[in-house]
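User: I should like to learn how to read strands, helices and cores in a protein model. Could you take me through one example?

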Amino acid sequence: MVKPRHSRLPPRKSSSSTLILTLLVIFTFLILILLVLGILSVPSSSGGPKANDLNSIIRNTPDRRSEREEGWGEQWVEIVSWEPRAFVYHNFLTKEECEYLIDIAKPHMHKSTVVDSETGKSKDSRVRTSSGTFLSRGRDKIVRNIEKRIADFTFIPVEHGEGLQVLHYEVGQKYEPHYDYFQDDFNTKNGGQRIATVLMYLTDVEEGGETVFPAAKGNISSVPWWNELSECGKKGLSIKPKRGDALLFWSMKPDATLDPSSLHGGCPVIKGNKWSSTKWMRVSEYKV
Ligand SMILES: *[C@@H]1O[C@H](CO)[C@@H](O)[C@H](O)[C@H]1NC(C)=O
C-alpha cells in the first residue's frame, strides 16, 4: 500500500505544476489579447490629464466647442504688436451678444465726454465726437458672462473692471489719439491706474473707424489688412473693426510703468456705422 502511494506522488506533483504553468500561459495570452483589442489600457505619461495638469483648460474645450456650434465663428488670438502690447481675440463675442449690447445701450446714449486732466471731471470735447453710455458691472446674465470672459482673457479679476461702455460713431465721428491711463490723482482713487483695455467691435464698419496706434513700434504696413485701411488708419498700426472681435491692449508695461506706445485713437467713420464696447481694467479692485 505504501509503495504505490510513493510512486504515485511525484507524477501528481508534476501534473499540478504543469496545470499552473498552463493556466499562467493562457492568462498571459488573454491579457495580451485584451491589450491588443484595447479593452485594457496601460496608463501612460502621454495619455489623459493628470492631477496637476491644466484641468480647467482641458475641461473648457468641449464647452467652447458646443458654444461655437451655437453661432460662434472660429476663435483664435492674434498677437498684433509688442510695443504696445496688443492682441486681437477673433470672434470673442457672438452676433447675438453684439446685438444685445447695442439694444440695451441705445435708449441711454449721450454725447461722449473726456476726462479733464486738471480737475479730473468729465468735459465735452471736440477730440471725441461719439456718443455713449455705461452699463453697470454685472447688470445681467449676458453682461456677467462677457465680463467673466474678459477676466479669463486678460487674467485680471472681474472686480478690477469698470462697467462696460458702449459707444456709437456715425459717419465723420472719431476719437483723437489719447492714452487710457490717467494723468491725474482724482481718477485713480478708486481702483488705481488703468492697466489694460478690451475694446470690442459690435458692428463691421464699411470704411474707416479703425483703432489706430500712432506710436506703435515696428512695421505698421505688415498687417494683412493694410490695403483696406483708410488714410487715418495708415498713420499707425491699425485694427480694422470686425463684429465680435476684441482688441486687448495694455496701458502699462510689465515693469508697472505707463506705456506711452499705447497711444490710440478711433479713426473717423467714412462709410457705415460703428458700435463698440470698451472695458477698462484697473490695477486694483474697482468699487461700483
Ligand atoms: C513692411 O512689411 C511689408 C509687408 O510685409 C513689406 O513689404 C515691407 O518691405 C516692410 N518694410 C520694412 C521697412 O521692413
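User: In what sense do strand β9 and β16 pair, and over how many bridges?

Analyst: Two remarks must come before the reply. The model is predicted: local features need pLDDT of at least 70, side-chain atom pairs count only at pLDDT 80 or more, and totals for chains, interfaces and linings use all residues. Residues are numbered from 1 along each chain as its sequence is written. Helices (H or I, at least four residues) and strands (E, at least two) are DSSP runs, numbered from the N terminus, and two strands pair if DSSP finds at least two bridges between them. Here strand β9 (residues 194-201) pairs with β16 in the antiparallel sense over 7 bridges. Within this pairing, Ala-196 has Met-281 of β16 as its bridge partner.

User: Which other strand is joined to β16, and by how many bridges?

Analyst: Strand β7 (residues 164-169) is joined to β16 by 5 bridges, and the two run antiparallel. Gln-165 has its bridge partner in β16, namely Thr-278.

User: Why is β16 described as largely enclosed?

Analyst: The description rests on burial. A residue is buried if 20 or more other C-beta atoms lie within 10 Å of its own, exposed if 12 or fewer, and partly exposed in between, with C-beta atoms placed from the backbone. Strand β16 (residues 274-282) has 8 of its 9 residues buried, so it is largely enclosed by the rest of the structure. For the chain as a whole, buried residues make up 30% of the 288 residues.

User: How should I read the side chains of a strand, and which residues of β13 point one way and which the other?

Analyst: In a regular strand the side chains alternate between the two faces of the sheet. In β13, Ala-246, Leu-248 and Trp-250 point one way, Leu-247 and Phe-249 point the other way, and all are buried. Strand β13 (residues 246-250) is thus mostly covered, with 5 of its 5 residues buried. Its pairings include β2 (residues 85-89), antiparallel over 4 bridges, where Tyr-89 has Ala-246 as its bridge partner. Strand β9 is joined to β13 by 5 bridges, also running antiparallel, and Leu-199 stands opposite Leu-247.

User: Which residues have the most contacts inside the largest nonpolar core?

Analyst: A nonpolar core is a set of buried Ala, Val, Leu, Ile, Met, Phe, Trp, Tyr and Cys residues joined through C-beta atoms within 7 Å. The largest has 40 residues, and those with the most contacts inside it are Ala-196, Val-198, Met-200, Ala-246, Leu-247 and Leu-248. Strand β9 supplies the largest share of this core, 6 residues. Two residues are in contact if their C-beta atoms, placed from the backbone, lie within 7 Å. Not counting residues up to four places away in sequence, Ala-196 touches Thr-154, Ile-156, Leu-248, Phe-249, Trp-250, Ser-251 and Met-281.

User: How does one read a helix, and which residues of α4 are buried?

Analyst: An α-helix has 3.6 residues a turn, so residues three or four places apart point the same way. In α4 the buried residues are Val-143, Ile-146, Glu-147, Ile-150 and Thr-154. Seen down the helix axis, these buried residues of α4 fall within an arc of 100° (the arc of the directions from the axis to the C-beta atoms), so they line one face of the helix. They pack against α3 (95-105), β6 (131-135), β7, β9, β13 and β16. The face turned away from the buried side of α4 carries the exposed residues Lys-141, Asn-145, Lys-148 and Asp-152. Just after α4, Phe-155 takes a positive phi of about 65°.

User: Where does His-168 lie, and is this residue buried or exposed?

Analyst: His-168 lies in strand β7. It counts as buried because it has 21 C-beta neighbours inside 10 Å. Leaving aside neighbours within four places in sequence, His-168 is in contact with Met-109, Ser-130, Ser-131, Gly-132 and Trp-275. The C-alpha atoms of His-168 and Gly-132 are separated by 6.0 Å, although the two residues are 36 apart along the chain.
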